[in-house]
Structure formats: C-alpha cells, structure tokens
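Grab your favourite viewer and work through these exercises one at a time. Try each task yourself before you read the solution.

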Amino acid sequence: MSLDMGGHIDGVFRSADITVTGQTSGGWDEDGNLITPTPVSATFRRVTIQPLNNRELENLLRAGERIVDGRKLYINSGNFDALVLATNISMLGQEWKIVQSDVRPWRKYAKLVVSRYDQ
C-alpha cells in the first residue's frame, strides 16, 4: 500500500522530492566550552505539495509574514529529527523558507508551510 497521494485527488496536488537544511542550536557545555552549531540536511521523497487556501494565507499575512508563493507540504516518512531543525527547503528547483511547521515524529506526520525566497 502506497502512502503517496500524488495523482489521486486532482491536478492541484503534486508530489516531489525535497531537501531540507538547518542546523543544531549549538551553545555551551557544562565546562563553558563553545559547542558550534552542526549543519543538518535530509532528503524526503514524494512529498505532497498543495497550495495554501485563502484562509491560511490571510492568517499568515495577519501574523506579519511576507508570503511569496506559499505552499503546504505533507511528509509521512523520513528523518523527522531533521525536520524539527530545518529552516530552509530546496524544492522544484528553488529555495523556500519554512514559515510554519507541525512535526509529529511519533505519528510519522509533518505539515510544513513554506514561502519561496525572492530572487
């Protein structure tokens, strides 16, 4: 049984591979030594991509977010620990920033709201 929704609903829904990047927070250890942030990267296959609906877009704009080509991504497999630390996404040949995320590793579920970076 495939969990991919691609092509099952209508043409608005797409599936694509994405790469997320971010970094650990770093900080200081108990002896006062600097812990440098570590880059994090992971690739997710067959992520479901959907456009934002009007209500979702309006709520983000009210919150002060500048949205350029907003999308929702649904992920149901892969390295969810990397998703928690992710801040950027490479998708469809462009770079995107994560505006909102709901990552639930225990349920194998993640919903990300992303906005394309201006060129």
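**Exercise 1: Two hairpins**

Task: find the turn residues with positive phi in the hairpin of E6 and E7 and in the hairpin of E7 and E8.

Solution. Step one: E6 and E7 make a hairpin with two residues between them, and Leu92 in the turn has a positive phi of about 55°. Strands here are DSSP runs of E with at least two residues, helices are runs of H or I with at least four, and both are numbered from the N terminus. Before going on, note that this is a predicted model, where local features need pLDDT of at least 70, side-chain atom pairs count only at pLDDT 80 or more, and totals for chains, interfaces and linings use all residues. Residues are numbered from 1 along each chain as its sequence is written, and side-chain values use heavy atoms, with hydrogens and water left out.

Step two: look at the pairing. Strand E6 (residues 86-91) runs antiparallel to strand E7 (residues 94-104), with four bridges between them; two strands count as paired if DSSP finds at least two bridges. Asn88 has Lys97 in E7 as its bridge partner.

Step three: move on to the next hairpin. E7 and E8 have four residues between them, and Lys108 takes a positive phi near 55°. Eight bridges hold this antiparallel pair, and Asp102 is partnered with Lys111 in E8.

**Exercise 2: Close the barrel**

Task: in what order do the six strands close into a barrel?

Solution. Start with the inventory: the protein chain has two helices and eight strands, and along the sequence they follow the pattern β-β-β-β-α-β-α-β-β-β. Next, trace the pairing: the barrel order is E1-E4-E5-E8-E7-E6, with antiparallel pairing. From one strand to the next, the twist averages 40°, using axes fitted as lines to C-alpha atoms (for helices, over the stretch in contact) and angles from 0 to 180 degrees between N-to-C directions. As general background, strands of a sheet pair through backbone hydrogen bonds, either parallel or antiparallel.

Now zoom in on one piece of the barrel. Strand E4 (residues 39-51) is joined by four bridges to strand E5 (residues 71-75), running antiparallel. Within that pair, Gln50 sits opposite Lys72 in E5.

**Exercise 3: The aromatic pair**

Task: how many aromatic pairs does the ring rule give?

Solution. First, the rule: rings of Phe, Tyr and Trp (its six-membered ring) pair if their centres lie within 6.5 Å, and planes under 30 degrees apart are stacked, over 60 edge-to-face, and the rest tilted. The count comes to one aromatic pair. The ring centres of Tyr74 and Tyr109 are 6.4 Å apart with planes at 50°, so the pair is tilted. Tyr74 belongs to strand E5 and Tyr109 to strand E8 (residues 109-116), so the pair ties together parts 35 residues apart in sequence.

Last, check exposure: buried means under 20% relative accessible area, exposed over 50%, and partly exposed in between (1.4 Å probe, protein chains only). Tyr74 is partly exposed at 24%, and Tyr109 is partly exposed at 26%.

**Exercise 4: Around helix H1**

Task: which residues does Glu56 touch, leaving out those up to four places away in sequence?

Solution. Place the residue first: Glu56 is in helix H1 (residues 54-62), and Glu56 counts as buried at 16% relative accessibility. With contact meaning heavy atoms within 4.5 Å, Glu56 touches Lys72 and Lys111. The side chains of Glu56 and Lys72 also share a polar contact of 3.3 Å. That term needs a pair of N or O atoms within 3.5 Å; within protein, one must be able to donate a hydrogen and the other to accept it, and residues adjacent in sequence count only if both atoms are side-chain atoms.

Finally, check the ends of the helix. At the start of H1, a side-chain oxygen of Asn53 comes to within 3.1 Å of the backbone nitrogen of Arg55. After H1 comes Gly64, with a positive phi near 90°.

**Exercise 5: A serine in E8**

Task: is Ser115 buried or exposed?

Solution. Ser115 lies in strand E8, and at 1% relative accessibility Ser115 counts as buried. Its contacts, again leaving out residues up to four places away in sequence, include Arg66, Ile67, Trp96 and Val99. For the wider view, buried residues make up 32% of the 119 residues in the protein chain.
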